[in-house]
Amino acid sequence: MEEVAQAAANAFGLLPAAADDAGPTSTCPARRLETDPDTVERDLIKLVLTIVELLRQLMERTAVHRVDQGDLTEAQEERVGMTLMILEDRMAELCDRYGLTMRDLNLDLGPLGSLLPPGPT
């Protein structure tokens, strides 16, 4: 469990707080998030796009599963396919706009591995 906590702390750039930041009743060192005001917008966009990409991939897998099971009509398959292609194109546009790649969106979760499955960069 300690390894997971340390991996999360490393992933989020948590640092021990200064001595005056910790309360007098604190038994363990407080943690704070290291942020850079110059990159906060890009970092926020990266986080949002990561979540959107995760959801897009989950929707794609669900759609493929439903197609394989025969749950969708031909028209529904066509509509879902077009919607997913458009969403993928929009994701690529947003990544280009903010200077990100799909690899940038794949967060390293330490011992848990990466958030997204390996795929094209």
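Let me start with a term: a residue is buried under 20% relative accessible area, exposed over 50%, and partly exposed in between. Keep that in mind for what follows. One more thing up front: this is a predicted model.

First, the overall layout. The protein chain has 4 helices and 2 strands. Along the sequence, the order is α-β-β-α-α-α. There are 121 residues in the protein chain, and 12% of them count as buried. The accessible surface is about 9300 Å². Carbon and sulfur atoms hold 58% of that surface. Now take the contacts in the protein chain with a separation of 6 or more. Residues 24 or more positions apart make up 51% of those.

On to helix 2. Helix 2 has 30 residues. From first C-alpha to last, helix 2 reaches 44 Å, close to the 44 Å expected at 1.5 Å a residue. Which residues of helix 2 are buried? They are L49, T50, E53, R56, Q57 and A63. These buried residues pack against helix 3 and helix 4. Just past the end of helix 2 sits G70, with a positive phi of about 80°.

Now helix 3. Helix 3 covers residues 74-97, which is 24 residues. At 1.5 Å a residue, that should span 34 Å. The end C-alpha atoms of helix 3 are 35 Å apart, so the two values agree. The buried residues in helix 3 are L84, M91 and C95. What covers them includes helix 2, residues 40-69, and helix 4, residues 102-105. After helix 3 comes G99, and its phi is positive too, near 65°.

Let me zoom in on E53. E53 lies in helix 2. Its relative accessibility is 2%, so E53 counts as buried. What does E53 touch, leaving out residues up to four places away in sequence? It touches M91, M102, L105 and L116. M91 is itself one of the buried residues of helix 3.

That brings us to charge pairs. Side chains of opposite charge can pair when their charged atoms come close. A search of the whole structure finds 3 salt bridges.

Start with E53 and R56. Their side chains meet in a salt bridge, 2.9 Å from N to O. Both residues lie in helix 2, 3 residues apart, about one turn of the helix. Both are buried. For R56, the relative accessible area is 5%, so R56 falls under the 20% cut-off.

Next, E60 and R56. Here the closest N and O atoms are 2.7 Å apart. E60 and R56 are separated by about one helical turn, because they sit 4 residues apart in helix 2. E60 has a relative accessible area of 32%, so E60 is partly exposed. Put these pairs together: E53, R56 and E60 are linked in a network of salt bridges.

Then there is R90 with E93. In this salt bridge, the closest N and O atoms are 3.6 Å apart. R90 and E93 both lie in helix 3, 3 residues apart, about one turn of the helix. Are R90 and E93 buried or partly exposed? R90 has 44% relative accessibility, so R90 counts as partly exposed. E93 is partly exposed as well, at 45%.

To wrap up, here are two pictures to take away. In helix 2, E53, R56 and E60 form a salt-bridge network, with E53 and R56 buried. In helix 3, R90 and E93 pair up, one turn or so apart.

Key:
Residues are numbered from 1 along each chain as its sequence is written. This is a predicted model: local features need pLDDT of at least 70, side-chain atom pairs count only at pLDDT 80 or more; totals for chains, interfaces and linings use all residues. Side-chain values use heavy atoms; hydrogens and water are left out. The expected span of a helix is 1.5 Å times one less than its number of residues. Buried means under 20% relative accessible area, exposed over 50%, partly exposed in between (1.4 Å probe, protein chains only). Contact means heavy atoms within 4.5 Å. Accessible areas come from the Shrake-Rupley method with a 1.4 Å probe; for residues, only the protein chains shown count as cover. A salt bridge is a side-chain nitrogen of Lys or Arg within 4 Å of a carboxyl oxygen of Asp or Glu.
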